[in-house]
Amino acid sequence: MRCRKCPRLVAYREAVAAAPPRRFAGEGYWARPLPGFGDPRARLLLVGLAPAAHGGNRTGRMFTGDRSGDWLFDALHHAGFANRPTSRHRDDGLRLRDAYVTAALRCAPPANKPTPRELARCEPYLLEELTLLHRVRVVVGLGRIGWQAYLRARRRLGAPLPPRAPRFAHGAVTDFGDGVTLIASYHPSQQNTFTGRLTRPMLRGVFRRARRLLKEIP
């Protein structure tokens, strides 16, 4: 991906790569938009916020090389969706089984706060992925922005929506009546994990529930 539609994001992702912290000195940064990754025949879809400045923006893979990824892939591994519990770099052997990871925004935003215009410019990539991932039956929205991005994408694609607007809460489940279920989860950001707002059992529980829902599908 070579997109340069958002000048603020382009400047930030490249500036971060040009002046990395000491712990990453000498490493080559990806510093480009990130594609989603995982099983192209996945029935489980994860929609996050955006790459981390020194995580995905450095390694070139979503949720890779940062603490959020440590938590996420631990939970996926425990539920049988990943072959290993860690994600260090693009060539570490990690494989997702029946799962695919993407994000509302493909570039790292300053302070992890994208603008509405930046999210709108990035939305076509998510819409294309949803069109191609036609086997998806369970979606996990990681954080409010990822959760909202999926709901907005369904609206754009003309997919059914619930009669009442769903409300974001950790573990909240929305059944759309078309064979797809959305589960809301707090994002495994350090802000949430360091404060105890999100614990490992809470995050693992989200993916155990996803696994149970998939087992109920004929």
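The charged end of Arg61 sits over the ring of Phe37, 5.3 Å from the ring centre. This is a predicted model. Phe37 belongs to strand β1 (residues 37-38), and β1 stands at an edge of the sheet. That sheet is open, has six strands and is mixed in its pairing.

**Charges over rings**

- Arg61 is placed with its charged end over Phe37.
- Arg32 lies over the face of Trp30, at 3.8 Å from the ring centre.

**Aromatic pairs**

- The whole structure holds four aromatic pairs.
- In one of them, Phe37 and Phe73 have ring centres 6.2 Å apart and planes at 45°. The pair counts as tilted because its angle falls between the limits of 30 and 60 degrees.
- This pair links distant parts of the chain, with Phe37 in β1 and Phe73 in helix α3 (residues 67-78). The two residues are 36 apart in sequence.
- Phe37 and Phe73 are both buried.
- The rings of Phe168 and Tyr186 also form a tilted pair, with centres 6.3 Å apart and planes at 50°.
- Phe168 lies in the loop between α5 and β5 (173-175), and Tyr186 in the loop between β6 and α6 (190-195). The pair therefore ties together parts that are 18 residues apart in sequence.
- Phe168 is buried, at a relative accessible area of 15%. Tyr186 has 18% relative accessibility, so Tyr186 counts as buried too; the cut-off is under 20%.
- Trp147 joins Phe168 and Tyr186 in one aromatic cluster.

**Helix α5**

- Helix α5 covers residues 143-157, which makes 15 residues.
- At 1.5 Å a residue, α5 should span 21 Å. The C-alpha atoms at its ends are 22 Å apart, so the model agrees with the expected span.
- Its buried residues are Gly143, Gly146, Trp147, Ala149, Tyr150, Leu151, Ala153 and Arg154. Trp147 is also part of the aromatic cluster with Phe168 and Tyr186.
- The buried residues of α5 pack against β2 (44-48), α4 (116-132), β4 (138-142) and β6.
- Gly158 follows α5 and has a positive phi, near 75°.

**The sheet**

- The strand order is β1-β3-β2-β4-β6-β5.
- β1 and β5 are the edge strands. Each has a single partner strand, so one side of each lacks a neighbour in the sheet.
- Strands of a sheet pair through backbone hydrogen bonds, in a parallel or an antiparallel way.
- β2 and β4 run parallel and are joined by four bridges.
- Leu44 has Val138 in β4 as its bridge partner.
- Helix α7 (residues 200-215) packs on the sheet and touches β2, β4, β5 and β6. The direction of α7 makes about 175° with that of β6.

**Ile183 in β6**

- Ile183 is found in strand β6 (residues 181-185).
- Its relative accessible area is 1%, so Ile183 is buried.
- Leaving out residues up to four places away in sequence, Ile183 touches Val138, Val139, Val140 and Gly141, among others.
- Further contacts of Ile183 include Gly171, Ala172 and Val173. Val206, Arg209, Ala210 and Leu213 are also among them.
- Gly93 is 90 residues from Ile183 in sequence. In space, their C-alpha atoms are 28 Å apart.

Note on methods. Residues numbered from 1 in each chain as written. Predicted model: local features only at pLDDT ≥ 70, side-chain atom pairs only at ≥ 80, totals over all residues. Heavy atoms only, no water. Buried < 20%, exposed > 50% of the residue type's maximum accessible area, 1.4 Å probe, protein only. Contact = heavy atoms within 4.5 Å. Expected span 1.5 Å × (residues − 1). Phe/Tyr/Trp six-rings, centres within 6.5 Å; stacked < 30°, edge-to-face > 60°. Lys NZ or Arg CZ within 6 Å of the ring centre and 35° of its normal. Pairing = 2+ DSSP bridges. Axes fitted to C-alpha atoms, helices over the stretch in contact; angles between N-to-C directions.
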